[in-house]
Amino acid sequence: MAYFDNGNEIFKDARKHHYAVGAYNINNLEWTRAILRAAAETRTPVLVQVSMGAAKYMGGYQFVKDMVADQMDAMDIQVPVIMHLDHGDYEAAMKCIELGYSSVMFDGHQLPLKENIAKTRAVIKAAHHRGISVEAEIGKIGENQDTTSGELASVQDAITFANLGVDKLACGIGNIHGIYPANWPGLNFKRLKEIANAIPIPLVLHGGSGIPREQIQKAIQLGIAKVNINTELQLAFQAATRQYIEDERDLDRRQKGYDPRKLLLPGTEAITSKMKEIIGWLGTPSVD
């Protein structure tokens, strides 16, 4: 029967030994199987995460958790799997704690600081009572192709949230969700180093897709233990699916190229291939 690890010891070890574990967003059944397959084939731990929007698209938080657990059993997954809520509001975090997710992110950056702290403390209390890990965010992560939409994380805020008892902390250090524009100035390593020197807990890099490999690897050396990846897998899926259609394989009626299982297969395989490549340069060690 599927078991979800909370990841706390995994991420502590990752920070201590300067490697990272990828956190990969799922969007449907194919995405879930592709991600689990990459983890199984590389024998590495994996954090499977779902956003509030993706959970709604797929039918709710209970369905998502059950689907991942069912596929872990069906695929005989033997590596640690962390089931995580990504960028959840207070209600979503509490719901996923109730349902038995092994890790949740409460993203209260839009709230007044006092309210953010109070709700983070409440989430931590509820989660830790059940052995569930908690991630918080300080400094808003920038949005798709907009270098002005993010905020640089405060060192004092990092200390405050670490003292609340969060298990891992996402920091705004110039990173952006989605596609990075040509004029992106890069990660702010000075602020990352200041935060890493101030608190010992694992740090999280959101918006990992599109950041040059050498910058991510430098960030890992400075304390990043979890790297969020979504857009990069979406682009791999899109490119492979587009190629299938441009090759007119979907028009091959003799081979039933229109069958959705065949139509989605190249993109699904591309997700696994890209993820295995990412695992390699994140330095994620095998559990063997």
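Is R43 buried, partly exposed or exposed? In this predicted model, R43 counts as partly exposed, because its relative accessibility is 27% and the buried class ends under 20%. R43 sits in the loop between α2 (29-42) and β2. Its backbone deserves a glance too: phi of R43 is near 55 degrees, a positive value in a residue other than glycine. With that residue as our doorway, let us walk on into the fold.

The loop of R43 leads to β2, and β2 belongs to a barrel. Eight strands close into this barrel in the order β1-β2-β3-β4-β5-β6-β7-β8, with parallel pairing. On average, neighbouring strands of the sheet are turned by 25 degrees against each other, direction ignored. As a reminder of what holds such an arrangement together, strands of a sheet pair through backbone hydrogen bonds, either parallel or antiparallel.

We can follow part of the barrel strand by strand. Strand β1 (residues 21-25) pairs with β2 in the parallel sense over three bridges, and N25 has Q49 as its bridge partner in β2. Next, six bridges join β2 to β3, and these two strands run parallel. Here you will find S51 standing opposite D86 in β3. Moving on, β3 and β4 pair in the parallel sense over three bridges, with L85 opposite V104 in β4. V104 also serves the next pairing, where its bridge partner in β5 is V134. That pairing joins strand β4 (residues 103-106) to strand β5 (residues 133-138) in the parallel sense over four bridges.

Helix α4 (residues 61-74) packs on this sheet, where it touches β2 (46-51) and β3 (81-88). The direction of α4 makes about 155 degrees with that of β3. How enclosed are the two strands that α4 touches? Five of the six residues of β2 are buried, so β2 is largely enclosed by the rest of the structure. For β3 the count is seven of the eight residues, so β3 too is largely enclosed by the rest of the structure. One residue of β3 is worth a look for its backbone: H87 lies in this strand, and its phi is near 50 degrees, a positive value in a residue other than glycine.

Now turn to the interior. In soluble globular proteins, nonpolar side chains tend to be buried together. The largest nonpolar core here has 81 residues, and those that touch the most other members are Y24, I26, I35, Y101 and L169. Take L169 as an example: beyond four places in sequence, its contacts are A136, E137, I138, A158, F161, I199, I201, P202, L203 and V204. There is also a second, separate core of nine residues, including I10, A14, V21 and A23.

Two members of that second core, I10 and A14, bring us to helix α1 (residues 8-17), whose buried residues are N8, I10, F11, A14 and R15. Seen down the axis of α1, these buried residues fall within an arc of 165 degrees, so they line one face of the helix. E9 and K16, on the other side of α1, are exposed. The helix is followed by H18, which has a positive phi near 60 degrees.

N8 of α1 reappears among the contacts of D167. This aspartate is found in the loop between α7 (155-164) and β6 (168-171). D167 counts as buried because its relative accessible area is 18%, below the limit of 20%. Setting aside residues up to four places away in sequence, D167 touches N8, H128, I132, S133, V134, I201 and P202. As a sense of scale, the C-alpha atoms of D167 and A2 are separated by 23 Å, while the two residues are 165 places apart along the chain.

Another buried polar residue is T120, which lies in helix α6 (residues 113-129) and has a relative accessible area of 1%. Beyond four places in sequence, T120 is in contact with F106, F161, L164 and V166.

Finally, what about the cysteines? C96 counts as buried, at 0% relative accessibility, and C171 is buried as well, with a relative accessible area of 2%. A disulfide is a covalent bond between the sulfur atoms of two cysteines. A search of the whole structure finds zero of them.

Notes
Residues are numbered from 1 along each chain as its sequence is written. This is a predicted model: local features need pLDDT of at least 70, side-chain atom pairs count only at pLDDT 80 or more; totals for chains, interfaces and linings use all residues. Side-chain values use heavy atoms; hydrogens and water are left out. Buried means under 20% relative accessible area, exposed over 50%, partly exposed in between (1.4 Å probe, protein chains only). The arc is that of the directions from the helix axis to the C-beta atoms. A nonpolar core is a set of buried Ala, Val, Leu, Ile, Met, Phe, Trp, Tyr and Cys residues joined through side-chain atoms within 4.5 Å. Contact means heavy atoms within 4.5 Å. A disulfide is a pair of cysteine sulfur atoms within 2.5 Å. Two strands pair if DSSP finds at least two bridges between them. Axes are lines fitted to C-alpha atoms, for helices over the stretch in contact, and angles run from 0 to 180 degrees between N-to-C directions.
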